Amino acid sequence: MKPVHRLTGFMPLIALVALVAALTVADPDFLTQRSLIAVARTAAPLIVLAAGATLVVLCGGIDLSIAALASLSTVFLALWLPELGGLATPAVILVAAAIGAAQGAAHVLLRIPSFIVTLGGMAILSAVALVISGAGTVRVVDDSTIHWLDLYLAGYVPMSAAMAVLVVALIAVVLTVTPLRSWIAATGYSESAARLAGTPVDLVKIGAFCVSGGCAGLAAVMLVSRQFSGGPTMADNLLLPAVAAIVVGGTAITGGHGSVWRSFAGALVVTLLRVGLPIVGVPSAYEQILYGAIIVVAVALTLDRAKVSTVK
């Protein structure tokens, strides 16, 4: 294992412990049940978004459309709930997964860098969300079919947080018991070598984008269950935190190295920062500056400089 990988392996844990300690000193009530439940509920959609996008990053690409797709999905869900009821949730997740797969197909078939495909996708999805929502909030009158996400497991654990952990665990198990982990790692380390070794690179990439899209759809369901509405910009502020969660977790932006569990830890770090800034008296206006700095530092620590010219 390379020294940098040893460092990044412990980075999320060190950051978590340091943040919890700092916030506890700043506010002794931080470790109360109420505060921890609030952190868990806030972290849930971010964890799901980051977990799905991690697969794309592991393949050596990036998905910049996840937040826009999640926003669009909240609009879909709010509009479809009255007609589809309980079927609206799986329908939204499937549509989001299909949109993700379509972007992946455009990336591999047209040989367009994923950065460009998803940047264009972000603009298109944002515009579609604005059009179909009438550039306004779509209220949810009956949330009975998604209300379960606001319940608590064993009376203490938010169901949305439990679902986020389940999603991460499911992705991790699938990667472990199938050849997908080695295929994704091979694709991220060296796409050309992976092709020569017989790895179905194109299918792996499309699958990664599909999962990323599906996770964006599930994150949208979580957001709607909390906000009782859908909106064309509801999830837009989660893009930078999701990217920050991935790189803070130690996943190399150049691909090949990392895991969804690391992104899970990174999402907790980012959520604690979001919650902790007001506690220590830092204005929320500085939040984006902090995320930008975190991303630059984390990428500097995890970047495989031998592959800089091939980042796509």
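Begin by selecting L79, I124, V128, V131 and I132, which in this predicted model form a nonpolar patch on the surface, with about 420 Å² of accessible area together. Helix α5, residues 114-133, contributes the largest share of the patch, namely 4 residues. If one residue of the group is to be labelled, V128 is a convenient choice, since V128 is found in helix α5 and, at 33% relative accessibility, counts as partly exposed.

Before moving on, colour the chain by confidence. The mean pLDDT of the protein is 86, and 92% of its residues reach 70 or more. Among the elements of the protein, helix α4, residues 88-109, has the highest mean pLDDT, 96, whereas helix α1, residues 3-26, has the lowest, 71.

Next, turn to the charged side chains, where the count comes to 5 salt bridges under the distance rule applied here. Select R111, E191, R195, D202 and K205 together, for these residues are linked in a network of salt bridges. The stops below follow some of the contacts within that group.

Show R195 and E191 as sticks: the two form a salt bridge in which the closest N and O atoms are 3.0 Å apart. Both residues belong to helix α8, residues 191-196, and because they are 4 residues apart there, about one helical turn separates them. Their surroundings can be compared by accessibility: R195 counts as partly exposed at 34% relative accessibility, while E191, at 19%, counts as buried, a value that falls just inside the cut-off of under 20% for that class.

Keep E191 in view and add K205, with which E191 forms a second salt bridge to be inspected, the closest N and O atoms here being 2.6 Å apart. E191 lies in helix α8 and K205 in helix α9, residues 201-227, so this pair ties together parts that are 14 residues apart in sequence. K205 counts as buried, with a relative accessibility of 5%.

Return to R195 and add D202, since R195 forms a salt bridge with D202 as well, with the closest N and O atoms 2.8 Å apart. D202 is partly exposed, its relative accessible area being 22%. With these contacts drawn, E191 appears as a partner of both R195 and K205, and R195 as a partner of both E191 and D202.

For the last part of the tour, hide the surface and look for internal space. The structure holds 2 cavities of 30 Å³ or more, and about 60 Å³ of space lies in the largest cavity. To display its lining, select A53, V57, I62, D63, I66, A242, V243, I246 and I253. Which helices each supply at least two residues of this lining? They are α2, spanning 33-58, and α10, spanning 239-248. Of the two, α10 deserves its own colour, as the largest share of the lining, 3 residues, comes from α10.

Note on methods:
Residues are numbered from 1 along each chain as its sequence is written. This is a predicted model: local features need pLDDT of at least 70, side-chain atom pairs count only at pLDDT 80 or more; totals for chains, interfaces and linings use all residues. Side-chain values use heavy atoms; hydrogens and water are left out. pLDDT is the predictor's confidence in each residue, from 0 to 100. A salt bridge is a side-chain nitrogen of Lys or Arg within 4 Å of a carboxyl oxygen of Asp or Glu. Buried means under 20% relative accessible area, exposed over 50%, partly exposed in between (1.4 Å probe, protein chains only). Patches are made of residues with over 30% relative accessible area and no salt bridge: like charges are joined within 9 Å, nonpolar side chains (Val, Leu, Ile, Met, Phe, Trp, Tyr) within 5 Å. Accessible areas come from the Shrake-Rupley method with a 1.4 Å probe; for residues, only the protein chains shown count as cover. On a 1 Å grid over the protein atoms alone, a cavity is a set of points where a 1.4 Å probe fits but cannot get out, and a pocket is an open set with protein on both sides within 12 Å along at least five of seven lines; lining residues have an atom within 4 Å of a point. Grid points are joined across faces, edges and corners, and a volume is the space filled by probe spheres set on the points.
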